[in-house]
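User: I'm new to this structure and would like a close look at one part of it. Could you walk me through the aromatic residues and what surrounds them?

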Amino acid sequence: MELRKMQPASSGWSANNEYLQVVSKQFFGKVVYAYIKNVKQIPSIFSFEHLTMKRIFLTGILYITIIQLFAQNGTIRGRVFNEKNNEPLPFTNIIIFGTTIGSTSDLDGNFIFTGIKPGFVKLAASSVGFESYVSEEFQVTNAKTVFIDIPLRETSIQLEQVIVKASPFRKTEESPVSMRTLGISEIEKNPGANRDISKVIQALPGVASTVSFRNDLIVRGGGPSENRFYLDGIEIPNLNHFATQGASGGPVGIVNVDFIREVDFYSGAFPANRGNTLSSVLEMRQIDGNKEKIVFKGSVGASDLSLALNGPLSEKTTFLFSARRSYLQFLFDVIGLPFLPTYNDFQFKVKTRFDLKNELTLVGIGAIDQFRLNTGIRNPTEDQQYILNFLPVNEQWNYAIGAVYKHFRTNSFDTWVFSRNMLNNEAYKYENNDETKPKTLDYVSQEMENKFRYENSGRLGDYKLIAGGGGEYARYTTTTFQEVFIPLPYDTIRQINYSSEIDLFRYHLFGQLSRNFNNDRLVLSLGLRTDGNSFSENMSNPLNQLSPRFSAAYAVRPKFFINFNTGRYFQQPAYTTLGYRNTDGILENKSNNLKYIATNHLVGGVEYRRRDDAKMTIEGFYKSYSNYPVSVNDSISLANKGGDFGVAGNEEVTSTGKGRAYGMEVYVRDRIMDKITLILSYTFVRSEFMDAAEKFIPSSWDNRHLLNLLLSREFKRNWNLGARWRFVGGSPYTPWDKERSALTSAWDVRQQGYLDFSRFNTLRTGNFHQLDVRLDKQYFFNKWSLNLYVDIQNLYNFKQEGPPNLLTQTDENGINLIDPANPGKYLLKEVGNPSGTVLPTIGIIVEF
């Protein structure tokens, strides 16, 4: 095996820590921000009052700088193999991508690099008879040896001379368009994202963000419930802490990115083996545990404590494990916030390679979210009391656990996936927060799924075939009690009180055939999928959910491509909708002939690669929706809901909703003067759904213009500076129904105003824009590393004007004032709702 010393490469770094104001906004948005914006001073974490302390600090920095000069010896080990049968590939050329220095694999496909300067790198590999390949990005440190597997795909094009030249921009036969791949450095160092995958994805074309304290994914005008998430092939329905049941959003992600190797994000052109989605698929793949030693990684931030470790369990088995716990309840109590949340999460992976043909991976992830109201505040302000009056206590726990078994054959491999996931969601509210009084809200719900999926993926010449199927047993239970106000002609308080249990059996079948033509210049792919369940006769018929899809990609020139996809996709309505019962115990929505939601996608675009590490894409898209659930209570499509905390979909609906979303995207990735990385994305999108009069009106996600600009540069001695500017067009919103809200009986039961759905989404918020800046510095020592960063969100302190809040007028004792002209009404007032402040973050991570 040939081995050469590699050229040094600079690197960036980051950590997972958030400043108090960031965490506050993330958790309950306007509720928190309306209160925390009045905090004038927050003590500095690093304040030095004495000259002696300054000397100690400067001496420590000097010591660290000197020590790191003698610790530049990272190591990479890896293996190159045939992706279809896992056989090793000897004599493969491997280089550090972007350089001409490399080595060659041995007879077992193994290779090693030593003496590498720590930093983020990629490897490029090429071998006769195989397509060239660029690996995902990974970080080299002195604390551990990095292990990387490189799968190569056979090709019918035979080259007389191997030239290691590959592109880091991947696309598959099934999804030549609408797919983006994120490397770990983009997640780690993204300004303003705080190492949260959902926030990083919000910078991609076609993806809008809601308010800054939410992780909702709004993809090409679709709602936050239209997405699916996978971790090493295991579906994880809940991606966030304090998640919105029936949707996908929440304030803080539960995935620890210390273990993430690579992320593929599909905003369309979904492969046939991924179903039950309308807008996006997020595929996250984790690293394997270190094969040589136990590696520890710990962090302390403004919001949580984190510990991660990975290493060998035996010669053939490795593991990953992490746990995090927040201490927000202590910080929030000190500054007098009216609620005290605590979140915990865990994540693990155990992988065993029995031999070259068989391997087993166990994956698990979960969260425990606790919450209580801070009713002990003395002399609460108007904002504090308003929050305490309406905010319920909401607690959750959830987990997903699964096993993935792979068996490699001569020309294909089998994948068997077994998994189980569960969500427990509870919410309650006492009248006046007095536990001696009756509850006005008492909600308990569980969702449980046991899943099985089989896939066979193989290649034969120019053909690639993926086929398989699966089954699932699901159980949903709920006990719901809530007092609600019924308007005219009743003008009365009504109690919703029911229990519901449903058991579902689900199935799916899929197949996709792809072929390359004309020396790989033309690639065509045709897929077919069907889903069904036992909820009703309509949903159990596989012909009603028949889901074809077709993709094509053509290389007009070596650097210029035309890409196309069309498909019809289906998604099962939320369990909260399936399990809703009326007061007589009848499954109301089953009686209403609830159907799978359907959407048709049409996507086309061009791609130009100016050089190997630079590209530009332009894509146009059109999505049409049908069978979307529409609320019987307010005639609003559920496509507009799910972007707030609590529960979405637990109401009577009909499958009569129609909608459309269309627009275009521009994506540019390049380097300026070979020093500054530039990533630019712009999206024009319209999102509209029909109202009761069957006229298209703007949906809640009709932002129209989305723009993200990211600039970053690496400097000597492991410094990195990045900046991201983003613009989101104003969101539609619905004005208050002041007449109804002012009724004492209506206000008392909810302690909040009511929206005027006859004027649904007739107003818009102001446009949002923000500049985030991040400075990274990383120190590498002989056997450990230290990561430090400073991240400043909203550097120029922009304030967006959101929908106004509606409050009751109160006297000096906080008692609601009665309207003198109408004793049955309160006096109300609208209060402006600006949001936005400078949010600094300081982060520290230690690895050894």
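User: To begin with, is Tyr-498 buried or exposed? From there, please take me along the strands and the aromatic rings.

Analyst: Happy to. Please keep in mind that this is a predicted model. Tyr-498 is buried, because its relative accessible area is 7%, under the 20% cut-off.

Let's put that residue into the wider set of rings. Searching the whole structure turns up 24 aromatic pairs. One of them is the pair of Trp-416 and Phe-452, which is tilted, with 6.1 Å from centre to centre and 35° between the planes. This pair links distant parts of the chain: Trp-416 belongs to strand 25 (residues 412–430) and Phe-452 to strand 26 (residues 439–460), 36 residues apart. Trp-416 is partly exposed, because its relative accessible area of 33% falls between the cut-offs of 20% and 50%. Phe-452 is also partly exposed, at 29%.

Tyr-498 has a ring partner too: with Tyr-580 it forms an edge-to-face pair, 5.4 Å centre to centre and 75° between the planes. Here again distant parts of the chain are linked, since Tyr-498 is in strand 28 (residues 492–517), while Tyr-580 is in the loop between helix 8 (575–578) and helix 9 (588–591), 82 residues apart. Tyr-580 counts as buried, with a relative accessibility of 11%.

Back to the tilted pair. Trp-416 and Phe-452 are joined by Phe-418 and Tyr-454 in one aromatic cluster.

Now for the strands that carry the tilted pair. Strand 25 and strand 26 run antiparallel and are joined by 19 bridges. Within that pairing, Leu-423 has Glu-447 in strand 26 as its bridge partner. On another pairing of strand 25, 16 bridges join it to strand 24 (residues 393–408), and these two strands also run antiparallel. There, Asn-394 stands opposite Ala-427 of strand 25. A hairpin leads from strand 24 to strand 25 through three residues. Strand 25 is mostly covered, with 14 of its 19 residues buried. A general point helps when you look along such elements: in a regular strand, side chains alternate between the two faces of the sheet.

Rings can also have a charge above them. The charged end of Lys-439 sits over the ring of Tyr-428, 5.1 Å from the ring centre. Arg-660 does likewise with Phe-696: its charged end sits over that ring, at 4.0 Å from the centre.

Aromatic residues appear on the surface as well. A nonpolar surface patch of about 660 Å² is made by Tyr-554, Val-556, Phe-560, Ile-562, Val-606, Tyr-608, Met-616, Ile-618 and Met-664. Two or more of the patch residues come from each of strand 30 (546–557), strand 31 (560–571), strand 32 (597–611) and strand 33 (614–631). Take Ile-618 as an example: its place is in strand 33. Ile-618 has a relative accessible area of 33% and is therefore partly exposed. That value also fits the patch, because patch residues need over 30% relative accessible area.

If you would like to look beyond the rings, the backbone offers two residues to visit. As background, most residues other than glycine have a negative phi. Asp-232, however, has a positive phi near 50°. You will find Asp-232 in the loop between strand 13 (227–231) and strand 14 (234–235), and it is buried, with a relative accessible area of 16%. Arg-704 is not a glycine either, yet its phi is positive, at about 70°. Arg-704 lies in strand 37 (residues 704–715) and counts as partly exposed at 30% relative accessibility.

One last stop is an open sheet of four strands. Its order is 3-2-6-7 and the pairing is antiparallel. Strand 3 (102–104) and strand 7 (133–134) are the edge strands, each pairing on one side only. Strand 2 (residues 93–96) and strand 6 (residues 123–126) run antiparallel and are joined by four bridges. In that pairing, Ile-96 stands opposite Leu-123 of strand 6.

To return to where you began: Tyr-498 is buried at 7%, and its edge-to-face partner is Tyr-580.

Conventions:
Residues numbered from 1 in each chain as written. Predicted model: local features only at pLDDT ≥ 70, side-chain atom pairs only at ≥ 80, totals over all residues. Heavy atoms only, no water. Patch = residues over 30% accessible without salt bridge, like charges linked within 9 Å, V, L, I, M, F, W, Y side chains within 5 Å. Areas by Shrake-Rupley, 256 points an atom, 1.4 Å probe, with all protein chains shown as cover. Salt bridge = Lys/Arg side-chain N within 4 Å of Asp/Glu carboxyl O. Buried < 20%, exposed > 50% of the residue type's maximum accessible area, 1.4 Å probe, protein only. Pairing = 2+ DSSP bridges. Phe/Tyr/Trp six-rings, centres within 6.5 Å; stacked < 30°, edge-to-face > 60°. Lys NZ or Arg CZ within 6 Å of the ring centre and 35° of its normal.
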